[in-house]
Amino acid sequence: MNVIQFTGALELGLIYSIVAMGIYLSFRTLQFPDLTVDGSFPLGAAICASCILYGMHPLTATLVAMLGGALSGFITALMATRLKMLNLLAGILTMIALYSINLRIMGRPNMALSGEKTIFNEFFSCFAIPSVSTLLLPLLIIVTIVGLIALLFLRTELGLGLRAAGSNAKMARAKGINDQRMIQLGLSVSNAYVALAGALFAQTQGFADVSMGTGTIVYALAAVILGEALLPTRTIKQALLACVLGAILYRFVISIALNSNEFGLQASDLNLVTAVIMVLAMQVPALKRHFKVMN
Amino acid sequence: MKKNLKIILISVSLAACISFFLFNKTSDTAASSQPHLPLISLSQIIGHRSLDEERRGLLDALKSAGYIDGKTIKITYQNAQGNLATAAQIAKMQAGQSPDVMVGISTPSAQTLLSVATSHAIPLVFTAVTNPVDAKLVNDNVFGVSDALPLASQIAHMREFIPNLKTICVIYNAGELNSTHVVRALNIACEKENIVLIPAIAAKTSDVAAAAQSLAGRVDAIYVPNDNTAVSAMASIVQVASSAKLPLFASDMGSVENGALAARGYDRFQLGQKAGALVVRILRHEKIEKNIDNSHDLHVYVNEKTLKMLGMDLPKSLNKDVILIGTRK
Amino acid sequence: MITLTDIHVVFSPGTIRERKALNGLSLVIEEGEFLTVIGSNGAGKSTLLNTIAGEILPTSGTIMIDDDDVSQKESFARANSVARVFQDPLAGTCGDLTVAENMALATARGQSRGFKKALSKARRESIRAMLSALKLGLELRLDTPMAALSGGQRQAISLLMATLSPLKILLLDEHTSALDPKTAAFVMELSQQIIREHKLTALMVTHSLQQALDVGTRTVMLHEGRVIFDIRGEERAALTVKDLLSQFGKNVDDDRLLLQQG
């Protein structure tokens with residue numbers, strides 16, 4: 001592993017940790033399996049890229065992308081609450097629709113952004129660590145801000161209402177919480193986060209592609225679950241940290257898998273190796289318990 | 001006993017992974033163990049016949065120029081399995097190995113390599129990219145082979161087989177940049193020739209058969225551009241075409257081998273060789289005049305068996321250039 | 001004052017499984033009354049509670065809470081007047097949230113929730129004070145997840161939570177029947193104490209005829225979705241379980257109910 005690969009995995013992990021936080025909000029807090037993310041991740045990238053190419057300031061473009069993500073989450077929530085659709089189905093339908101919408105927004109399946117202004121070269125250029133990474137510190141700052149917002153929000157009365165709606169909807173209703181409204185709010189925020197991650201991905205990689213969302217829900221869940229396996233998650237703060245750790249570790253797992261060519265493995269074995277390493281990583285809690293008992 | 005064994009096994013495997021992660025430098029030191037062997041890194045988006053052919057051609061060109069992997073050069077290859085985030089990580093990993101040349105096979109792979117190649121001043125060679133200008137793969141240090149096909153000649157080529165061609169169905173994935181360019185250009189070309197072009201879109205390989213069936217009865221011919229999705233599912237299009245007795249035109253040799261009637265296109269292997277030649281010239285510090293190479297020899301491939309099945313004869317005008325192919329098993 | 005007028009609740013109307021849970025039920029509950037509701041299974045006791053709370057909306061008929069017609073209002077819209085303690089200790093609280101967080105939810109019952117911090121220092125202090133009044137040691141376990149507490153502790157907290165915001169009626173849905181006898185007695189005693197102290201209007205569903213007479217100020221018997229027996233005051237004080245049973249015997253032949261008595 002070299003420095004560039006290390007920082008590359010770290011950067012990507014930080015971007016995807018925002019997706020993991022969004023999934024934590026929908027899947028864990030609201031108990032809502034939200035497949036919209038496969039569509040809202042590229043949506044964020046598409047909106048951001050199109051806006052930047054249109055001449056908008058990259059920060060505004062990123063915020064508009066987040067609004068787009070919020071809207072897509074809101075639509076899924078409407079279908080699930082008002083139209084009484086199965087949660088899973090509502091997310092799938094929005095995800096499918098977003099594929100066409102993303103193509104419409106960009107006008108083509110792939111939009112190149114290299115050489116354009118991004119929030120990294122416009123805003124955060126003072127945070128670049130030359131010869132190591134221009135993106136690491138800015139991304140760290142962004143993730144910290146985003147994580148703090150999530151933490152503070154979940155500690156407000158509104159946030160508590162959201163958590164109650166996910167934990168016990170009937171009891172929440174008895175306490176005057178409109179659980180449908182909570183689901184709508186929660187999914188909007190969750191997908192706004194995912195769209196933000198998509199916008200950041202496009203600005204760091206230099207392009208937006210309509211197919212970049214496939215499998216996002218899988219990776220996000222893997223990150224959340226990996227984080228939960230390795231860190232205690234009693235409090236919200238711990239849970240959010242676990243999201244970040246899980247996302248970063250997952251990228252490292254892929255890095256290890258990429259480096260495993262020497263063992264006679266081929267490039268096509270990447271997915272299998274990733275899965276095997278993930279299984280091993282998920283055994284850590286059992287190992288911890290075993291060694292605790294031994295002492 | 002059994003539980004202890006399980007614990008030991010898991011602990012050892014995890015320890016191995018972690019130490020591998022921390023200490024593995026073999027991929028870096030391989031190049032530096034011998035007196036500076038040049039290092040070439042290849043990044044491909046997905047394992048796929050056309051892309052694999054290009055890679056083979058590239059490696060072949062290197063070999064012919066005296067660059068033998070392991071002896072006079074070190075070549076690394078990574079495949080992102082269709083995942084863009086993985087491709088981004090591959091780009092970082094390869095850049096960290098300080099290669100002399102980075103090669104991107106396909107548009108997304110080349111795009112992920114662009115920023116690391118420019119920031120680390122490494123020359124980048126791309127291939128299997130149809131529209132490099134649109135993909136912003138334009139830079140002093142970026143060279144490559146574009147596989148854009150001249151569309152007007154495609155129509156002429158189809159007319160050789162079907163003189164009164166009126167309607168064409170084109171099967172492609174609207175999510176592939178290369179294909180959308182082709183279809184747009186094809187539309188313009190068809191309008192000029194008074195031919196109706198009907199698109200059939202398939203977002204993934206499993207949708208291709210349905211897309212083909214939807215238009216089978218209404219057209220005179222089916223055309224498949226260099227679309228990764230459609231080409232991967234060529235077998236199902238061939239089935240639909242043969243049951244409807246429709247001439248099926250492709251854009252690459254592999255598809256003709258798989259049963260398409262004919263193709264007028266480039267030899268992927270040759271394109272790869274051209275990319276390889278670019279790599280060689282960079283290694284030898286030779287000056288390259290044109291960054292993007294897009295003039296290549298066009299070949300006409302025809303499948304004999306399909307020709308016979310359709311009850312057609314080989315058009316006279318083609319006789320000398322045609323490369324006849326039997327169906328691959 | 002709660003007024004129910006000619007309430008009909010029909011489940012799965014028009015199908016084979018159509019069931020008239022409440023069949024023209026009318027009831028007036030005065031302020032300060034403590035009603036006990038009895039009846040055989042399927043008589044409509046739980047449906048009555050659910051309808052007052054708003055979890056079930058009546059097919060026809062009206063419900064008035066004071067001068068407010070709440071017949072078609074959703075449960076969360078009535079939450080500023082109605083508080084419930086459920087039979088299942090798990091159902092009345094959020095297991096994943098801590099004791100303090102559950103209490104904080106209750107303090108905001110019926111109010112609109114904004115971006116204020118849910119568990120400010122001041123709020124924590126008042127929650128701690130309230131919990132120590134229960135004398136169960138729960139004031140030391142503010143940050144324990146609710147799921148870690150016993151059934152009795154959860155019901156006690158549920159009762160406390162019900163009183164944290166102003167309410168017009170407290171609904172107790174067999175809230176001690178899932179507890180062991182000792183804890184059940186404790187929770188029942190606590191319920192009566194709380195109702196007395198806060199001068200609450202309350203409605204309690206119970207399967208125990210003895211309890212129905214011992215506790216509260218008025219007893220109502222339901223059968224097939226209507227009120228068939230309503231007694232209060234001195235008449236009620238003079239009533240025995242045997243009398244109730246004979247009332248039952250006329251209309252009911254629920255073995256479980258009959259076996260429980262005596």
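**Domains of chain B**

I started with how chain B of this predicted model is divided. Domain 1 takes in 31-147 + 270-293, and domain 2 takes in 151-266 + 298-325. I looked up the spacing next: the C-alpha centres of these two domains of chain B lie 30 Å apart.

Then I turned to how they touch. Domain 1 of chain B puts 10 residues into the contact, and domain 2 of chain B puts in 11 residues. On the domain 1 side, helix H3 (49-64) and helix H12 (268-283) of chain B are the elements that give two or more residues. Which of them gives the most? I noted H3(B), with 3 residues. By class, I have 1 nonpolar, 6 polar and 3 charged residues down for the side of domain 1 of chain B that touches domain 2 of chain B.

**Chain A against chain B**

My next entry is on the contact between chains. I find 41 residues of chain A in contact with 44 residues of chain B. I also listed what chain A brings to its side in lots of two or more residues:

- Among the helices of chain A, I have H1 (3-29), H4 (87-106), H11 (236-258), H12 (270-281) and H13 (284-294).
- From the strands of chain A, I have E1 (110-112) and E2 (207-209).

The class count for the side of chain A that touches chain B came to 21 nonpolar, 16 polar and 4 charged residues.

**A helix pair in chain A**

I then picked out helix H7 (residues 157-167) and helix H9 (residues 179-205), both of chain A. Their axes are 9 Å apart, and they pack at an angle of about 110°. Angles of 65 to 115 degrees count as roughly perpendicular, so I wrote H7(A) down as roughly perpendicular to H9(A).

Which residues make the contact? From H7(A), I noted Gly161(A), Leu162(A) and Ala165(A). H9(A) answers with Asp179(A), Met182(A), Ile183(A), Leu185(A) and Gly186(A). Sorted by class, the contact of H7(A) with H9(A) holds 5 nonpolar, 2 polar and 1 charged residues.

**Confidence**

Last, I checked the scores. The model has ipTM 0.80 and pTM 0.82. For chain C, I read a mean pLDDT of 85, with 94% of its residues at 70 or more. Where in chain C is confidence lowest? I found that in helix H10 (residues 255-260) of chain C, at a mean of 57. Strand E8 (residues 202-205) of chain C is where confidence is highest in that chain, at 93. A reminder to myself: where pLDDT is low, predicted coordinates should not be read in detail.

Conventions: Residues numbered from 1 in each chain as written. Chains lettered and ligands numbered in written order. Predicted model: local features only at pLDDT ≥ 70, side-chain atom pairs only at ≥ 80, totals over all residues. Axes fitted to C-alpha atoms, helices over the stretch in contact; angles between N-to-C directions. Helix = DSSP H or I, 4+ residues; strand = E, 2+ residues; numbered from the N terminus. Parallel < 35°, antiparallel > 145°, perpendicular 65-115°, else oblique. Contact = placed C-beta atoms within 7 Å. Nonpolar A, V, L, I, M, F, W, Y, C, P; charged D, E, K, R; others polar. pLDDT = per-residue confidence, 0-100. Domains from an automatic or database assignment.
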